[in-house]
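Please open the model in your viewer and keep the sequence panel beside it. This tour goes from one selection to the next and says what is there at each stop.

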Amino acid sequence: MWLEYASLGILIVGMTLVFYTFVYIHDIPYMIAKRRNHPQVEAIHVACWLSLFTIHALWPLVFLWAVSKSNPIKVSVPDTQELEERLLERIAAMESRLNQIEGSRNSATPESGS
């Protein structure tokens with residue numbers, strides 16, 4: 001009789017450990033996302049719980065989602081006013097250089113009178 005109670009206790013403890021191990025394993029993506037400050041932490045957490053009820057089919061996808069790059073690429077757009085001013089300065093410099101080249105070319109070529 002004592003052995004039956006011991007077996008039942010071991011069975012209950014074993015099943016409880018297995019259950020908590022499954023829950024812990026399925027929360028790994030959530031913990032990773034939380035540590036990496038992922039912008040969709042709560043959605044990942046819900047997907048982890050859904051994975052428990054879908055026979056673990058979603059877990060690899062949720063794991064990849066959690067470890068994916070979470071920070072968006074930062075793009076800086078230059079000030080268009082400043083850019084326009086620099087372009088106008090370059091155009092003016094090119095026009096003056098072109099006028100110099102044309103002036104030197106016109107003075108260097110002899111006028112032919114026919």
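Helices are DSSP runs of H or I with at least four residues, strands are DSSP runs of E with at least two, and both are numbered from the N terminus. This is a predicted model, in which local features need pLDDT of at least 70 and side-chain atom pairs count only at pLDDT 80 or more, while totals for chains, interfaces and linings use all residues. Residues are numbered from 1 along each chain as its sequence is written, and side-chain values use heavy atoms, with hydrogens and water left out.

**The whole chain**

Begin with the whole chain in a cartoon view, where you will find five helices and zero strands, so that the pattern along the sequence reads α-α-α-α-α by the DSSP runs. Turn the chain along its principal axes, and its C-alpha atoms fill a box of roughly 130 × 30 × 20 Å. The radius of gyration, taken over C-alpha atoms, is 36 Å, whereas a compact globule of 114 residues would have a value near 13 Å by a rule of 2.2 Å times the number of residues to the power 0.38.

Now switch to a surface view, in which the chain exposes about 9800 Å², with carbon and sulfur atoms supplying 66% of it; these areas come from the Shrake-Rupley method with a 1.4 Å probe, and for residues only the protein chains shown count as cover. Of the 114 residues, 14% are buried, where buried means under 20% relative accessible area, exposed means over 50%, and partly exposed lies in between (1.4 Å probe, protein chains only).

**Helix 2 and I32**

Select I32, which has its place in helix 2. Is I32 buried or exposed? With a relative accessible area of 13%, I32 is buried. Show the residues around I32 next: leaving out those up to four places away in sequence, I32 touches F63, A66 and V67, a contact being heavy atoms within 4.5 Å. You can also draw a distance from the C-alpha atom of I32 to that of H45, which is 13 residues further apart along the chain and separated by 10 Å.

**The loop between helix 2 and helix 3**

Move on to H38, in the loop between helix 2 (28-35) and helix 3 (41-53). H38 counts as buried because its relative accessibility is 7%. A polar contact is a pair of N or O atoms within 3.5 Å; within protein, one must be able to donate a hydrogen and the other to accept it, and residues adjacent in sequence count only if both atoms are side-chain atoms. The side chain of H38 reaches the backbone oxygen of W65 at 3.2 Å, and a polar atom of that side chain lies 3.1 Å from the backbone nitrogen of Q40.

In this loop, select N37 as well; N37 is exposed, because its relative accessible area is 61%. Most residues other than glycine have a negative phi. The phi of N37, however, is near 55°, a positive value. From N37 to A66, 29 residues apart along the chain, the C-alpha atoms are separated by 9.9 Å.

**The loop between helix 3 and helix 4**

The next selection is I55, found in the loop between helix 3 and helix 4 (59-67). I55 has a positive phi of about 55° although it is not a glycine, and at 73% relative accessibility I55 counts as exposed.

**Helix 1 and H26**

Go back to helix 1 (residues 2-26) and select H26, which counts as buried because its relative accessibility is 3%. Which residues is H26 in contact with, leaving aside its neighbours within four places in sequence? They are C48, S51, L52, H56 and W59. With S51, the side chain of H26 makes a side-chain polar contact at 3.4 Å.

**Helix 5 and A92**

Finish with A92 in helix 5 (residues 80-108), where A92 is partly exposed, with a relative accessible area of 41%. A distance drawn from A92 to E42 shows their C-alpha atoms, 50 residues apart along the chain, separated by 56 Å.
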